[in-house]
Amino acid sequence: MVKIHEKYIRRCIEISKKALGTAAPNPMVGAVITYKDSIIGEGYTSAYGGAHAEVNAIKSVKDKSLLPNSSIYVSLEPCSHFGKTPPCVDLIIKHQIKKVFIGIMDPNNKVSGRGIKKLKEAGCEVTFGILEKECRFHLRRFLSHHEKKRPYIILKWAQTKDSFLAPSKEMREGDPSPYWISNTLSRQRVHKWRTEEQAILAGTNTVLQDNPGLNVRDWYGNSPSRIIIDKELKIPCSCKIFDTSIASTIILTENSNKQSYFPEVDYELIDFKNNVPYEICKVLFKKAINSVLVEGGSFTLNSFLNANLWDEARVFTGPGIFQNGIKAPYIPIKKLMEKERIGKDYLETYFND
């Protein structure tokens, strides 16, 4: 019987992946409704502001008369508070669904066991803690926000076979054209990742040297908010990151002179004398940004590594060799989880436990 419950929670996880990049800052949740061991309805979290997974699952059931004798499986505890939508537990109780199976409890202090308590008080039989490890990994962005009070941090870079991020100054002067370390398929993968996270972060030097748009171009989906570290507001307004028609931009600075601020751009003051990655995390937590893809240069990447403020590192290694230049970051404790070949590139994914 336990395996049956795991089967349906696993299905909840699978369908909720469709909400990656659209549900945040809400969690991407899946819900499955069964009747006599057959699925009669399922749903996942709509884009932010829309219906939750349980609502979509119940709505999908054609014969609502079956619901009082059905079971509902949800990867995360149903909400019990009014937000942009009414509480999901109220809808479950309204339709008299008597058996509720839950992956993990919701750490949000607005829920945190209250959903389970309300269901039990209404006479529902509630079971939770099913595939807890898998559910926690799937919901890691949401959990990081509520448990660690910071976004889930993904570091990304491309390095040559001899571990350089960029060529030497002499090489750049000899040939100023862009040096692509990774191939087009790898770069397309990065654009896919951008659609999955709420924000993307880069430092001053990266913007000044490369003038990146930091938006989504080679994949379909929403562009993330751009977080730019610019301590002294050195970046000229002609740079692409100031084009807010393609994505929003937040500048992190110590310059409080609002006359220097660019219209339609959000400016946040941080203390650069403090631990800068920690300061960045405070701002992103305040803005309910649950995940950030760090695509900065060596200084920015190493600052997060040195502060041990990172959760994943995704590293492309191309076949080229520079022999000299800017060294790629070094991950002190490596826990390689995945290695994939993309053409002549290799993609390695590390997790920081």
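User: Which elements are included in what covers the buried residues of helix α2?

Analyst: This is a predicted model, in which local features need pLDDT of at least 70, side-chain atom pairs count only at pLDDT 80 or more, and totals for chains, interfaces and linings use all residues. Residues are numbered from 1 along each chain as its sequence is written, and side-chain values use heavy atoms, without hydrogens and water. Helix α2 spans residues 53-60, and what covers its buried residues (covering elements touch, with heavy atoms within 4.5 Å) includes β1, β2, β3 and α3.

User: Which residues of α2 are buried?

Analyst: Helices (H or I, at least four residues) and strands (E, at least two) are DSSP runs, numbered from the N terminus. Buried means under 20% relative accessible area, with exposed over 50% and partly exposed in between, for a 1.4 Å probe and protein chains only. In α2, the residues that count as buried are Ala-53, Glu-54, Asn-56, Ala-57 and Ile-58.

User: What is the strand order of the open sheet of 5 strands?

Analyst: The sheet is open and its pairing is mixed; two strands pair if DSSP finds at least two bridges between them. Strands of a sheet pair through backbone hydrogen bonds, either parallel or antiparallel. The order of the 5 strands is β2-β1-β3-β4-β5.

User: Which strands lie at the edges of this sheet?

Analyst: An edge strand here pairs on one side only. Residues 38-44 form one of these strands and residues 125-128 form the other. The edge strands are β2 and β5.

User: Which strands does helix α4 touch as it packs on the sheet?

Analyst: Helix α4 covers residues 114-121 and packs on the sheet. One of the strands it touches runs over residues 99-104, and another is an edge strand, at 125-128. The strands touched by α4 are β4 and β5.

User: Why is β1 described as largely enclosed by the rest of the structure?

Analyst: Strand β1 covers residues 30-35. The description rests on how many of its 6 residues are buried. Strand β1 is largely enclosed because the buried residues number 5 of the 6.

User: How many bridges join β1 to β2?

Analyst: These two strands run antiparallel. Across the pair, Val-32 stands opposite Glu-42 in β2. The number of bridges joining β1 to β2 is 6.

User: Which residue takes a positive phi in the hairpin of β1 and β2?

Analyst: The hairpin has 2 residues between the strands. The phi in question is near 50 degrees. The residue that takes this positive phi is Lys-36.

User: Which residue of β3 stands opposite Ile-33?

Analyst: Strand β1 is joined to β3 (residues 71-76) by 4 bridges, and the two run antiparallel. Along this pair, Ala-31 stands opposite Val-74. The residue opposite Ile-33 is Ile-72.

User: Is Arg-140 buried or exposed?

Analyst: Arg-140 is found in helix α6, which spans residues 140-148. Its relative accessibility is 17%. At that value, Arg-140 counts as buried.

User: Which residues is Arg-140 in contact with, leaving aside its neighbours within four places in sequence?

Analyst: Arg-140 belongs to α6. Neighbours within four places in sequence are set aside here. The residues in contact with Arg-140 are then Tyr-152 and Glu-312.

Definitions and conventions: Axes are lines fitted to C-alpha atoms, for helices over the stretch in contact, and angles run from 0 to 180 degrees between N-to-C directions.
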